[in-house]
Amino acid sequence: MEQFDFWDGLTGLQRRLVDLLRSMAESETVFIGAKDILRRLATEEWKMTEDEFEYECEEMNIQVGPIESYRPKSVGRAYRLLLEMGAPWRIRYPYFDLRGMVGALHDDAPSGPDGVSLRLSPFAQMVLPVGKAPLLPAALLNGVSLPDGSHIPPHNLQELWMALEAVRQNPGVELDDLMEVLPGPDFASGGVVGGAKAIRSLYADGKTEMVLRGKIEAEIEGGRTRVAIMSLPPGVLVRTIIEQIRGLAGRERLFLYEMKDRSERHAVRITLDLPRRYSAAAVKEILYRETDLERRGVFRLSVSDGSGRSGEGTLISILKEAVLRLSPAWERKDGAPTDSVPFLKEILEVGGYKSPLSDLTDDRRSRLLDLF
């Protein structure tokens, strides 16, 4: 796996895709064809011939395979990576706005690059300014999959920003106080994360094991039972869950009157109607035990500078380093240069400052429960 940089959250290839898009777009609002970006990458940097490039694109017009089916320096892998960087069901804060048949949470079946175009997202424009260090540690915003199968978890932008400000203004802040601001991870798919002790262990020690669940709600209990699956663990598709539930019914692990998929775009809603002999609690127990609606994973706070050097750190130590490394997220409203970053008390009492991060609001939340 290619090394990533903790601060912008990108591998070298991901960063190159961002840079190519920036260099090719006349303005921030212009969409550029995915095939045009891939052609520049393949022919100018990888020294592919035009025929080789067109052959790989033609294969994807027939079917786009999963990212692991492509070799490292291939058009297919670069295209899949580009799509993942713009998929809001896969990445907490997409780097790209995508247009075209780009796949969906239901089955993740995109078209080839001929029919897809993209531009930089507002997140990428604001958090990754040109010629400056990022405003926030992007690996903590979007998460990273690590070579050993563990993960850095993603977080809500506003909560992470406030935690960074809390450490900057009070380097001696205690972890329990910091977790009042940043209570835990937030995944792109929402869902349920547990437990509370595991999350604190991640922030205190740099490593933990957490349970990730889809959200299941009871809607009817009495004459029959109906439950609704309202979110999925990260990386799980609607199609996968539907196939697994059908398999349970086929093996008589569940008796279903009806299953309906009412999911739309990025919102999940799969309803199950069952006989009254199944309580909602019993249905949840079966689904969490026998489908991908529950997953366990190892999570780390692993800091990397992109050069291969990495190490685990505590949340507070990472945010202290971020204060030193990253660009300030504040600027004066009158446009005058700032010699130092103001304290929040000064901002609240005196005013005169603004932050581009204020526009990146995000109401999605993962439910943090003690599942153990």
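Q: Why are helix 3 and helix 4 called oblique to each other?
A: In this predicted model, helix 3 (residues 50-62) and helix 4 (residues 75-84) pack at an angle of about 55°. Roughly parallel needs an angle under 35 degrees, and roughly perpendicular needs 65 to 115. The angle of about 55° fits neither class, so helix 3 and helix 4 are oblique. Their axes are 9 Å apart.

Q: What makes the contact between helix 3 and helix 4?
A: Helix 3 supplies Phe53, Glu56, Cys57 and Met60. Helix 4 supplies Val75, Gly76 and Tyr79. By class, the contact of helix 3 with helix 4 has five nonpolar, one polar and one charged residues. Glu56 is in this contact, and Glu counts as charged. Gly76 is there too, and Gly counts as polar.

Q: Why are helix 2 and helix 4 called oblique to each other?
A: Helix 2 (residues 34-45) and helix 4 pack at an angle of about 135°, with axes 10 Å apart. Roughly perpendicular covers 65 to 115 degrees, and roughly antiparallel starts over 145. An angle of about 135° falls in neither range, so helix 2 and helix 4 are oblique. Helix 2 passes helix 4 in a right-handed crossing.

Q: What makes the contact between helix 2 and helix 4, and how many of its residues are nonpolar, polar or charged?
A: Ala34, Leu38, Leu41 and Ala42 come from helix 2. Val75, Ala78, Tyr79 and Leu82 come from helix 4. Ala, Val, Leu and Tyr count as nonpolar. The contact of helix 2 with helix 4 therefore has eight nonpolar, no polar and no charged residues.

Q: Why do strand 1 and strand 2 count as edges of their sheet?
A: Three strands form an open sheet in the order 1-3-2, with antiparallel pairing. Strand 1 (32-33) and strand 2 (96-100) each have a single partner strand, so one side of each is left without a neighbour in the sheet.

Q: How do you know that strand 2 and strand 3 pair?
A: Pairing needs at least two bridges. Five bridges join strand 2 to strand 3 (residues 116-120), and the two run antiparallel. One of the partners is Val116 in strand 3, which bridges to Gly100.

Q: What lies across this sheet's strands?
A: Helix 1 (residues 12-24) lies across strand 1, strand 2 and strand 3. Helix 1 runs at about 90° to strand 3.

Q: Which residues of helix 11 are buried, and what do they pack against?
A: Ala280, Val283, Ile286, Leu287 and Tyr288 are buried in helix 11 (residues 280-290), with relative accessible area under 20%. The buried residues of helix 11 pack against elements including strand 7 (207-213), helix 10 (238-250) and strand 12 (294-300).

How values were computed: Residues are numbered from 1 along each chain as its sequence is written. This is a predicted model: local features need pLDDT of at least 70, side-chain atom pairs count only at pLDDT 80 or more; totals for chains, interfaces and linings use all residues. Side-chain values use heavy atoms; hydrogens and water are left out. Axes are lines fitted to C-alpha atoms, for helices over the stretch in contact, and angles run from 0 to 180 degrees between N-to-C directions. Helices (H or I, at least four residues) and strands (E, at least two) are DSSP runs, numbered from the N terminus. Contact means heavy atoms within 4.5 Å. Buried means under 20% relative accessible area, exposed over 50%, partly exposed in between (1.4 Å probe, protein chains only). A crossing is left-handed if the near helix is turned anticlockwise from the far one by less than a right angle, and right-handed if clockwise.
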